[in-house]
Amino acid sequence: MSESIETRCVQGGYQPGCGEPRQVPIIQSTTFKYDESMQLGELFDLKAAGYFYSRVQNPTLDNVASKICALEGGTAAMLTSSGQAANFFAVFNIAEAGDHFIALSTIYGGTFNLFAITLKKMGVECTFISPDATDEEINAAFRSNTKCVFGETIANPALVVLDIERWAKAAHDHGVPLIVDNTFATPVNCRPLEWGADIVTHSTTKYMDGHGCAVGGAIVDGGNFDWATHADKFPGLTQPDPSYHNLVYTDTFGNGGAFITKATVQLMRDFGSIQSPQSAFYLNLGLESLHVRMAQHCKNGQAVAEALANNPKVAHVSYPDLPGDTYYDLAQKYLPGGSCGVITVDVAGGREAAEKFLGNLKVFSIATHVADARSCCLHPASSTHRQLTDEELVAAGITPGTVRLSCGIEGTEDLINDVEQALAAL
């Protein structure tokens, strides 16, 4: 098959045989039949490949995960019930009570809360650090029990572009992997594994699905991080697992399969955050047009950002592809084909003006969503980031007047006219 991203979007992951369904089949079954008990036992012992219970694995999910794996250039992948579950699994797969990890302070508010509050209750501590921290500040954040570094290719909603190579080097210098949430860029616009990242996560609910019909997440392993070299730091992968007859994941599945296998047979087995086969089917439909939609999202994002930047009722516009943006140069390096359709706008007049602006929009609809075929908008300080303190909001690149606009794939002029009329009515 061609290696182009376009062909991978359409045909990757599932190759039907003669007389088999052309579309990925929906295997809507909890269980799978076998002729002999020993066959099932081999599966439970991880000595054979196959399916026995959909809480752990399902053929529909594996076909779609394989497509995402191909898009990112990874060695193994899995689907989860949401992007939150993907990020939780990615970190908790290598960190446990008493461990520590580092995350960029500009990450999505829901992920921030997961790391700062929920994981802390489980005994895993997170240090948040600015993406613009000095080398000295970055190195000082690492501890002997640090297990990974986590960031977003394009931060939600601050739109900070991660210097992937820099943070990968910092992580690797301290013997830990870099995990990158690539939701906003998608593998169409950036493949973090090619820049040194080790694990990639996605909220597939966003651009990958693209139509607001199915919540989901994904994890992709690049297969490049050598867990065995740092065996003492990652005992869950490099030491015997008593729940599988003392199997050692790195010995049995190698660097290319150990991480995802453990996350599947341990975390998915115990937490059950599985994506439904029906949702995976919808996700695959979205993936088939991802390369086409991203081009229009980026075209609309660029045009609306330029219009907003020239409007006197706008205090500031953040958009990585806008010349003069703080992260413009990084965007040109990591996202040369375009970043995304999301724009962060600070409306002059603060919170009250921002809320009035949202109320005046006609094409953009207020919704707790982003990266959708339909344009949508929200006020982060009172919604997605409502749980953050004022200090944490500032660290996340958010002010009381910040509005997040997600440009869909509608007509470009319609979106420009909508934001201009909404501002004019203030």
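## Salt bridges

Arginine 269 is partly exposed, with a relative accessible area of 21%. In this predicted model, arginine 269 forms a salt bridge with aspartate 270. The closest N and O atoms of that pair are 2.7 Å apart. Aspartate 270 is exposed, with a relative accessible area of 53%. That value puts aspartate 270 in the exposed class because the class begins over 50%. The whole structure holds 11 salt bridges.

Two further pairs link distant parts of the chain. Glutamate 125 and arginine 143 meet through their side chains in a salt bridge, 3.1 Å from N to O. Glutamate 125 belongs to strand E3 (residues 125–129), and arginine 143 sits in the loop between helix H6 (135–141) and E4. The two are 18 residues apart. Glutamate 125 is partly exposed at 37% relative accessibility. Arginine 143 is also partly exposed, with a relative accessible area of 37%.

Lysine 333 and glutamate 165 form another salt bridge, at 2.6 Å from N to O. This pair joins helix H13 (residues 328–334), which holds lysine 333, to helix H7, which holds glutamate 165. The separation in sequence is 168 residues. Lysine 333 is partly exposed at 33% relative accessible area. Glutamate 165 is partly exposed at 38%.

## The E8 to E10 sheet

Strands of a sheet pair through backbone hydrogen bonds, either parallel or antiparallel. Here, 5 strands form an open sheet with mixed pairing. Their order is E8-E9-E12-E11-E10. Strands E8 (314–318) and E10 (365–366) stand at the edges. Each has a single partner strand, so one side of each lacks a neighbour in the sheet.

E9 (residues 342–347) pairs with E12 (residues 402–406) in the antiparallel sense, over 5 bridges. Valine 345 has valine 403 of E12 as its bridge partner. Helix H12 (residues 290–309) packs on the sheet and touches E8, E9 and E12. The direction of H12 makes about 15° with that of E9. Elsewhere along the E9–E12 pairing, aspartate 346 stands opposite threonine 402 in E12. On its other pairing, E12 runs antiparallel to E11 over 3 bridges. Cysteine 376 stands opposite serine 406 in E12.

## Strand E12

E12 is mostly covered, with 5 of its 5 residues buried. In a regular strand the side chains alternate between the two faces of the sheet. Thr402, Arg404 and Ser406 point one way from E12. Val403 and Leu405 point the other way. All of these residues are buried.

Arg404 is also a contact of histidine 369. Histidine 369 is found in the loop between E10 and strand E11 (376–378). It counts as buried, at 15% relative accessibility. Leaving aside neighbours within four places in sequence, histidine 369 contacts Thr205, Lys206, Gly212, Cys376, Leu378 and Arg404.

## Backbone exceptions

Most residues other than glycine have a negative phi, and most peptide bonds are trans. The loop between E4 (146–152) and H7 (164–173) is the place of proline 157. The peptide bond from asparagine 156 to proline 157 is cis, with omega near 5°. Leucine 159 lies in the loop between E4 and H7 too. Its phi is near 60°, a positive value in a residue other than glycine. Leucine 159 is buried, at 1% relative accessibility.

Leucine 46 has a positive phi as well, about 65°, although it is not a glycine. This residue is placed in the loop between H2 and helix H3 (59–72). Leucine 46 is buried, with a relative accessible area of 16%.

## A nonpolar surface patch

Tyr34, Leu40 and Phe44 make a nonpolar surface patch of about 250 Å². Leucine 40 lies in helix H2 (residues 37–44). At 31% relative accessibility, leucine 40 counts as partly exposed. Leucine 40 can join the patch because membership requires over 30% relative accessible area.

Methods
Residues are numbered from 1 along each chain as its sequence is written. This is a predicted model: local features need pLDDT of at least 70, side-chain atom pairs count only at pLDDT 80 or more; totals for chains, interfaces and linings use all residues. Side-chain values use heavy atoms; hydrogens and water are left out. Patches are made of residues with over 30% relative accessible area and no salt bridge: like charges are joined within 9 Å, nonpolar side chains (Val, Leu, Ile, Met, Phe, Trp, Tyr) within 5 Å. Accessible areas come from the Shrake-Rupley method with a 1.4 Å probe; for residues, only the protein chains shown count as cover. A salt bridge is a side-chain nitrogen of Lys or Arg within 4 Å of a carboxyl oxygen of Asp or Glu. Helices (H or I, at least four residues) and strands (E, at least two) are DSSP runs, numbered from the N terminus. Buried means under 20% relative accessible area, exposed over 50%, partly exposed in between (1.4 Å probe, protein chains only). Two strands pair if DSSP finds at least two bridges between them. Contact means heavy atoms within 4.5 Å. Axes are lines fitted to C-alpha atoms, for helices over the stretch in contact, and angles run from 0 to 180 degrees between N-to-C directions.
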